[in-house]
Amino acid sequence: MYKLQFRSIGISIYLMLVILFVFSACSTEKNTFINRAYHSTTAKYNGYFNAKELIRIGLIEYREKAREDFTEILPVELYPNEEDVTSIYPIVDTAIVKCQKVITKHSMPTSSQPMLKKDEHAKWIDYNWLMIGQANYIRRDYEKALKTFEYVGKFYTDKPSKYWGELWKMKTEIVTNDLTNATRTMQKIEQLKLSVENDKDKKDTKKSKSSKKGKNSKKTGKTPDFPKNFDFEFAKTKAMLAFKKNDNKEALEQLKFALSKAKKKGDKARLNFIIAQLLQQQDNPEAREYYTAAIKKNAPFEMMFNAKINRAIVSDLAGDQMIKELISLSKEERYFEFRDQIYYSMAQVELKRPDRKQAKYYLSRSAFYSINNPRQKGISYEKLGDMALEDKHYVEAQRYYDSSAQVVPETYVNYEIIKKKAEKLSELVKNIEIVEFEDSVQHIAGLGEKEREVFLKNVIKKLQKDEQERKEREAAKAEQLRKLQQTYEKQNSKTGSKFYFSNTKTMQEGLEDFKRSWGQRENTDYWRLTNKPNRVDINIPIADTASISDSANIVVSQSQKNIPVAELSPSDLMGDIPLTDSALVASNERLLAALFNAGRIYKDQLSEDQLAATQFQRVIDKNIENKHNVVSAFQLYKIYEGTGKEQPYREYILNNYPNSDYANYLRDPDYFIKKKERDELALQDYLRSVTRYEQGLYYPVIIKADKVIEEELDNRFREQYMLLKAMAMGRINSDKTTLLPVLNQLIEEFPESESAARAKELIDYITNGIPMFEDNASANDNLFSLDSKEYYVIIFLKENQTVNTSANNISMFNKEYFSRIDLSTSPQIYDKFNYILVKTFNSSGEAESYIKDLQRTPKHVKDYQSNEIFFISKENIKIMLQQQKLDEYRIFFQSNFM
């Protein structure tokens, strides 16, 4: 009985002591062992550890789903880009909030302004700051990240975290292209490392009395040691800086050093692959060893695949051996989806031999197999276009570039170049086709009636034969694609709609389950079956899809006739034959213009002087009076100038066009320089007349315009003076019909000019009695202001979108992706429109970033991404709503923010 009572009293005392311990430990102002232990432990696990795990798992999930571009040098570290970062907002924001709470509750001593603190007694608070900075870095909020890292580096000078602060500061400066400060930060870290190494070499004979106050005390002046894995991270960061400076030599050196310090297989695989890519750029066969190392380190599936195909083409093996390795890869079913890349690599090998014919064949196969990879299809077409361009097959090159531009993603580094090549060559192709067509129809027109009918019948037979062959090719290609798709589906049937080996996470989970059930097994197909089935046939014969078939002398445009080829008759084609004098004149006009334009493109854009000369010579040889004759002769003169062949063209110009600018140039080589000077003076005179018109001096404007129109027939601003005269007359004459003679003269002399188009508009106004020359200046030009400290985002709803549901969805989006910003969401009504108002943003840039994130993040707001969305300042929304000026604000917004 007494024992039980004594035991009960003991337990009570113990509990009271525990309670007292807990309560005493809660204080952040008393620097005692118990307090430090409690707050340090909580700071480590409640904040730093949990936040670190959140971010680690989030990055793993992102990196497993990310599709990297293996045709470019891989980034040293893979973090979300601007398009993908919104998907990771909830994770990093949660991590930031956890760390912020820990710093607020467990920092010793507590301070409402951390920047003013002098000491920190709780451990791991510094690492919570680091996690906040890293989370903002991943979030691409680089300004906040930089401030946090600078704070850690300056405040925690006695702790290893200061080194991490400087390192991440350097990373932030690199990604923001502040390379000067990044270099300074790197030098600072190197000096710190040197200082620590020197301190280790010194043998201190005396111990400072202040050392008893703790090794982390700032008063000891002791420099902390660098963390064990710091050299690895520092070398990677220096490689990142070298890449930004386009110093691949330094990057290679730093990556090799980082590789020597790497511990994890994933890091080793990535570093080996990047090193191999750099060596491959240098045509260094040593790249093969690094690709092999990346494969052995269990690189992710796509990295491993690209390592294998790159390894085959960078080695010093014979071409046949490289092709053999690549063919072996193409026969492996797990790489079935990537045969387009394999065939492209085989083409690269053939180009090195060089065997251009075989290379084109492999590029054609690559394009054919690129069913789910438009990027690779576009690259294959681009290469075929480059080869055709090198061979001066410009029509063929244009079609390849055009095909490439249609399928390759806009993010592809050469997208704009491909598009420009296709556009530049398209004009050439258009003119070449016109020349071929007009030559053909003129040839037919020159035949006798019976001969013409026989010829047209043969043309129809040719067209029908070509059409039949085209249909057969298309049918064969469709069948090949169907078989290919069936094979894909068969391969994917066990794993769902997505190819199994394209999903790194699924593959890894399956591999671990397999090992648990069956142990380590040799990598062979159908390993469990005694009677193995036949392999899937992956060697489907295909046609050379890259071949371009042009029917010669096609004399009909099916788009114009809209008649099936099978139903064509000679009479259907007769409409295109220039049998009358007027039709022949029009045909020659088209032919000569196309020849001249083709020659100009050959000379000016492609630097093909001989091909250009052929076109220009044909213009002259036609011996038909035409505006292109003198220019073609001058172009031939310039092409042959200094060779002794230019004299005939000089005489041709002087004899046939003695008053032309080109004849004047031949007499005086400075003619165009002097003409330019005269044109400059004419421009000044014209601008002076415009100024007078704006000042209301209409009579002097009319006098000057009359002088130019009547006396200066070669004035380059003659047409503008005509229009200016009409405008001035309209200001002083109430009878607007007095303008008609001037406007009609303008249209007659310059029918295709912009001034003529304006003159036609004015005639239409006069004819229809519409008032002219009214002051249309808007009274609302200064209605809205640009400066503000508060901005709102307005999301207009469509008819099928309810206000409450929409507000709820957008609110959920804000809570998940913008939880750190105190945003409010409210439904509103403007006139007949419903909209959602999101506020408040501190700047127009912040509001604009919010709109971009909303428009590319489907979760919660997918239905609103095509809605009209804009931001507006606090002051401007009052004006817009009170004065009902929505349309005016739209114009203001487009003018100032779009």
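Begin by selecting arginine 890 together with phenylalanine 796, where the charged end of the arginine sits over the phenylalanine ring at 5.9 Å from its centre. Keep in mind throughout the tour that the model on the screen is a predicted one.

Keep phenylalanine 796 selected and widen the view to the rings linked with it, since Phe796 belongs to a cluster joined by ring pairs, whose other members are Phe784, Tyr791, Tyr835, Phe870, Phe871, Tyr889, Phe892 and Phe893.

Next, add Ser785, Leu786, Ile872, Ser873, Asn876 and Phe897 to Tyr791, Tyr889 and Phe892, and you will have the lining of the largest cavity on display. A search through the whole structure finds one cavity of 30 Å³ or more, and the volume of the largest cavity is about 30 Å³. What kinds of residue make up the lining of this cavity, nonpolar, polar or charged? Six of the lining residues are nonpolar and three are polar, while none is charged.

To see which elements hold these residues, colour strand S4, residues 869-873, and helix H36, residues 886-897, each of which supplies at least two residues of the lining. The largest share comes from H36, with three residues.

Leave the cavity now and select arginine 139 with phenylalanine 818, where the charged end of the arginine again sits over a ring, 5.9 Å from the centre of the ring of phenylalanine 818.

The remaining stops are aromatic pairs, of which the structure holds 46. Select tyrosine 163 and phenylalanine 226, whose rings form a stacked pair with 3.7 Å from centre to centre and 10° between the planes. Which parts of the chain does this pair tie together? Tyrosine 163 lies in helix H6, residues 161-175, and phenylalanine 226 lies in the loop between helix H7 (179-201) and helix H8 (230-244), so the pair joins parts that are 63 residues apart in sequence.

Are the two partners buried or exposed? Tyrosine 163 counts as buried because its relative accessibility is 1%, and phenylalanine 226, with a relative accessible area of 17%, is buried as well, given that the cut-off for buried is under 20%.

For the last stop, select tyrosine 693 and tyrosine 698, which form an edge-to-face aromatic pair with 5.5 Å from centre to centre and 65° between the planes. Tyrosine 693 is buried too, with a relative accessible area of 13%.

Definitions and conventions
Residues numbered from 1 in each chain as written. Predicted model: local features only at pLDDT ≥ 70, side-chain atom pairs only at ≥ 80, totals over all residues. Heavy atoms only, no water. 1 Å grid on protein atoms, 1.4 Å probe; cavity = no way out; pocket = protein on both sides within 12 Å on 5 of 7 lines; lining within 4 Å. Points joined across faces, edges and corners; volume = space filled by probe spheres on them. Helix = DSSP H or I, 4+ residues; strand = E, 2+ residues; numbered from the N terminus. Nonpolar A, V, L, I, M, F, W, Y, C, P; charged D, E, K, R; others polar. Phe/Tyr/Trp six-rings, centres within 6.5 Å; stacked < 30°, edge-to-face > 60°. Buried < 20%, exposed > 50% of the residue type's maximum accessible area, 1.4 Å probe, protein only. Lys NZ or Arg CZ within 6 Å of the ring centre and 35° of its normal.
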